[in-house]
Amino acid sequence: MIDTRELKNRDLYLNKLIAFQDTEPVKVVTGIRRCGKSSLLKLMAAHLRNNGISDDQIVEMNFESYAFRNMSSDNFYDYVKERVIADKRMYLFFDEVQRVPGWEDTVNAFRVDFNCDIYVTGSNAYMLSSEYATYLSGRCVEIKMLPLSFSEFIYFHDFEIKESRSALGGTRKWAYDKNGERYEIKELFDAYMRFGGMPGIADVGLDQEKALALLEGIYSTVIMRDILERESRRGQKRITDPVLLRKIVMFLADNIGSNVSVSSIGNILVNEGLLADGKRKGTPSTHTVQVYVNALLEAYFFYDIKRFDIKGKEYLRTLGKYYIADIGLRNYLLGFRNRDSGHALENVVYFELLRRGYDVSIGKVDNLEVDFIAAKPDEKIYFQVTESMTGSDVRQRELAPLKRISDNYEKIVLSVNVGMDNSYDGIKSMNLIDWLLAG
């Protein structure tokens, strides 16, 4: 078992769990494989111990462990029942619980039969489907976990940001490692854009060969356990072609931030010769491609984002976009090269907005597009994301859609190279890296 003293805090998520401590709903932590869900349960258990809960009140089970391999729902119930102390409140932690057939019945029985507070994790959204909701009658709360933000990446890799005064009286931020060596923050950002935010990268270090091996393991586990194996557990044979699955993964990874329709994916794959391997004939049906794409969404490997007509004030059924859960996984799939960096930056901004609790959509205004509309019940911000604002052509292109919006909500352009101006006719121009660090 990992020593909890070695675990890095993920306060954003831990504080959410603490807020729901000792409330009736089952706390369900979801997210892509290896994004830190298991560690979060350990952090929560450590929090309980630090606040007076004794070890015998805490039951921890990781169903990835060989100790619980092939456990039935009856065995699961009996194992926990034997450890329940009648006159004490119990805290139950179940990691990757979806590996137990019929786990929903068992968890619901714990909720009914025992005085307990329940925390579970899962790497597939299928566990929160309508079937799950039926068993728990809506008595669950989902905490959606993502790979590391840029700020968390800095912390996990043992860097510290400090400000120093410049000769002209201003201030400048620098990153310092454990040995006191100083680095430009842009260097760390470049590493983040290269290696991504999987917490395990911090264990192997910023070494390309080791990072690729770790990312390959994550990819293989997602595809094998959370998609192909899940299908067999459900007794369904809808996803039967691992080659087609990988082709769709590669296509979506290569086209993050681009307008994509499911109906066009199969046609494009065939037209580009990606499915012409001599064994296949014809184009996969739209339904087949949709099933494969849905499986990738359910495994939290990709996220889809809908389009919103700003003037018409309605969501559109036309082309949406897909973003990949971790930019490092994209680099593993496609290779480390400076490819469409603008879309890669969009990818990072999209997930940062999700972390900050916004509901995010693409904006359509006339025939132009706003990269993101970030909304909360009492707030709305429009974002454009670009690598540079130094060229007049780029500035004109990025500002044009925002200028078409007639409401008074905040409008921001995020870029790595900001240029001289910090606003254009009321539209803010902000350094993307500073914006990430301010979250």
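1. Two strands are taken to pair if DSSP finds at least two bridges between them. In this predicted model, strand 2 (residues 58-62) and strand 3 (residues 90-95) satisfy that criterion, being joined in the parallel sense over 5 bridges. Two of the residue pairs can be named: Glu60 stands opposite Phe93 of strand 3, and Met61 has Phe94 of strand 3 as its bridge partner. Between the two strands the chain passes through helix 3 (residues 73-83), and the resulting β-α-β crossover is right-handed.

2. The pair belongs to an open sheet of 5 strands, arranged in the order 2-3-4-1-5 with parallel pairing. Strand 2 and strand 5 (140-144) form the edges, each pairing on one side only. From one strand to the next, the twist averages 15 degrees. As a general point, strands of a sheet pair through backbone hydrogen bonds, either parallel or antiparallel.

3. Helices accompany this sheet. Helix 2 (residues 37-50) packs on the sheet and touches strand 1 (26-30), strand 2, strand 3 and strand 4. The direction of helix 2 makes about 165 degrees with that of strand 3. Helix 4 (residues 103-113) lies across strand 1, strand 3 and strand 4, and runs at about 160 degrees to strand 4.

4. Ser123 deserves separate comment. Where does Ser123 lie? The residue is in the loop between strand 4 (116-122) and helix 5 (130-136). Ser123 counts as buried because its relative accessible area is 0%, and the cut-off for that class is under 20%. The side chain of Ser123 makes a polar contact of 2.6 Å with that of Glu96 and another, of 3.2 Å, with that of Lys37. Beyond residues up to four places away in sequence, Ser123 touches Gly31, Arg33, Lys37, Glu96, Gln98, Asp226, Glu298, Ala299 and Tyr300. One of these residues, Gln98, is 25 residues from Ser123 in sequence, with a C-alpha to C-alpha separation of 8.3 Å.

5. The nonpolar interior may be considered next. The largest nonpolar core has 101 residues, and those touching the most other members are Phe150, Phe189, Ile248, Leu252, Leu296, Phe301 and Phe372. Helix 9 (residues 208-233) gives the most to this core, contributing 9 residues. A second, separate core has 23 residues, among them Val28, Met61, Val80 and Val107.

6. Phe372 has contacts with residues distant in sequence. When neighbours within four places in sequence are set aside, Phe372 is in contact with Ile305, Tyr323, Glu346, Val349, Tyr350, Leu353, Val360, Ser361, Ile381, Tyr382, Phe383 and Val385.

7. Tyr323, one of the contacts of Phe372, lies in strand 10 (residues 314-324). Is Tyr323 buried or exposed? Its relative accessible area is 0%, so Tyr323 is buried. The side chains of Tyr323 and Glu346 are joined by a polar contact of 2.6 Å. Apart from neighbours within four places in sequence, the contacts of Tyr323 are Ile256, Gly257, Phe301, Phe302, Tyr303, Ile305, His343, Glu346, Asn347, Tyr350, Phe351 and Phe372. The C-alpha atoms of Tyr323 and Ala344 are separated by 8.9 Å, the two residues being 21 residues apart along the chain.

8. Helix 13 (residues 327-334) is mostly covered, with 8 of its 8 residues buried. The buried set includes the polar residues' positions Arg330 and Asn331, together with Ile327, Gly328, Leu329, Tyr332, Leu333 and Leu334. At the N-terminal end, Asp326 acts as a cap: one of its side-chain oxygens lies 3.0 Å from the backbone nitrogen of Gly328. Helix 13 is followed by Gly335, whose phi is positive, near 100 degrees.

9. Finally, Gln384 lies in strand 13 (residues 379-388). Gln384 is buried, because its relative accessible area is 3% and the cut-off is under 20%. A polar contact of 3.2 Å links the side chain of Gln384 to that of Glu398. Neighbours within four places in sequence aside, Gln384 is in contact with Glu369, Val370, Asp371, Glu398, Pro401, Leu402, Ile412, Val413 and Leu414.

Terms used. Residues numbered from 1 in each chain as written. Predicted model: local features only at pLDDT ≥ 70, side-chain atom pairs only at ≥ 80, totals over all residues. Heavy atoms only, no water. Buried < 20%, exposed > 50% of the residue type's maximum accessible area, 1.4 Å probe, protein only. Helix = DSSP H or I, 4+ residues; strand = E, 2+ residues; numbered from the N terminus. Polar contact = N/O pair within 3.5 Å; in protein donor to acceptor, adjacent residues only side chain to side chain. Core = buried A, V, L, I, M, F, W, Y, C linked by side-chain atoms within 4.5 Å. Contact = heavy atoms within 4.5 Å. Right-handed = clockwise from strand over helix to strand, strands pointing away. Axes fitted to C-alpha atoms, helices over the stretch in contact; angles between N-to-C directions.
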